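Thanks, everyone, for making the time this morning. Let me put the sequence and the structure up together, and then I will talk you through what can be read from them.

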Amino acid sequence: MTFLLVMVFWVFSICLHEFGHAAVAYWGGDTSVRDKGYLSFNPMRYMDPVSSLFIPMIILALGGIGLPGGAVYINTSLLRSRAWETAVSLAGPATNLMFAIVLGSIVRLDFVSGTHAAPILAFLAWLQVCAAVLNLLPIPPLDGYGALAPYLPHNVRQQFESVGYFGIFILIALLWFSQTANGLFFGFIFMFSAALGVPIGDAIQGYQDFTSALRGSIL
């Protein structure tokens, strides 16, 4: 049950994240996102089973890292300004943080706190914070880099973007194998989550329940 609920909410959060990008792009001038079907909550518009679900779930089970799992393709040439490009990039992580606040608020309700649902919801809220912070790092192809890219010289952008997806794999390896990087990153995630009202004890219990359920289903 824990595994299924996390899967459902994870898919919903991916849709919410990508819808945030698309909605701001539409307001900023790229009306092509409507024709591409991005202004919907249809998961098939944003992701595929391997890169959006299987790989993120394995990474989550092994290392507790909430990977971004979907993508919308924005025609930046249609956006009205560089500020809109930045707003489009930041919209996705912003939706993750808002979702985390909502989930954290639900966990603290009297009729939810102390129930079996509390650890799952708290873990999901923590996961949203993790995904948002990870996405805001200025590394291509993450949203943090997308927010800065419009202001970088063309040659600098080319150098950064030539790295492609290697940047995020290097980041994951760093978080996995460096105790210092891992401690700093997750220490900040826990501190930020607590500041947003996420019950940390429940979140840790939810993560343990999820990883046990996931590993059991794989094995």
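I would like to begin with a cysteine, Cys15, which is buried, with a relative accessible area of 2%, and to set beside it Cys130, which is also buried, at a relative accessible area of 0%. Please keep in mind throughout that this is a predicted model. A disulfide is a covalent bond between the sulfur atoms of two cysteines. With a cut-off of 2.5 Å between cysteine sulfur atoms, the count of disulfides comes to zero.

Stepping back to the whole protein, we have 10 helices and zero strands, and of the 219 residues, 44% count as buried. Among contacts between residues at least 6 apart in sequence, 74% join residues that are at least 24 apart.

Now, to the interior. The largest nonpolar core has 37 residues, and those with the most contacts inside this core are Trp126, Phe185 and Ile189. At least two residues of this core are supplied by each of helix 1 (2-28), helix 4 (82-107), helix 5 (117-135), helix 8 (166-177), helix 9 (179-195) and helix 10 (200-218), with the largest share, 14 residues, coming from helix 5. If we leave out residues up to four places away in sequence, Ile189 touches Trp126, Val129, Val133 and Cys130, the last of these being one of the buried cysteines I started with. Apart from the largest core lies another one, of 12 residues, which includes Val33, Tyr46, Leu79 and Ala91.

Finally, the surface: the accessible area of the protein comes to about 11000 Å², and 69% of that belongs to carbon and sulfur atoms.

Terms used
Residues numbered from 1 in each chain as written. Predicted model: local features only at pLDDT ≥ 70, side-chain atom pairs only at ≥ 80, totals over all residues. Heavy atoms only, no water. Helix = DSSP H or I, 4+ residues; strand = E, 2+ residues; numbered from the N terminus. Buried < 20%, exposed > 50% of the residue type's maximum accessible area, 1.4 Å probe, protein only. Contact = heavy atoms within 4.5 Å. Areas by Shrake-Rupley, 256 points an atom, 1.4 Å probe, with all protein chains shown as cover. Core = buried A, V, L, I, M, F, W, Y, C linked by side-chain atoms within 4.5 Å.
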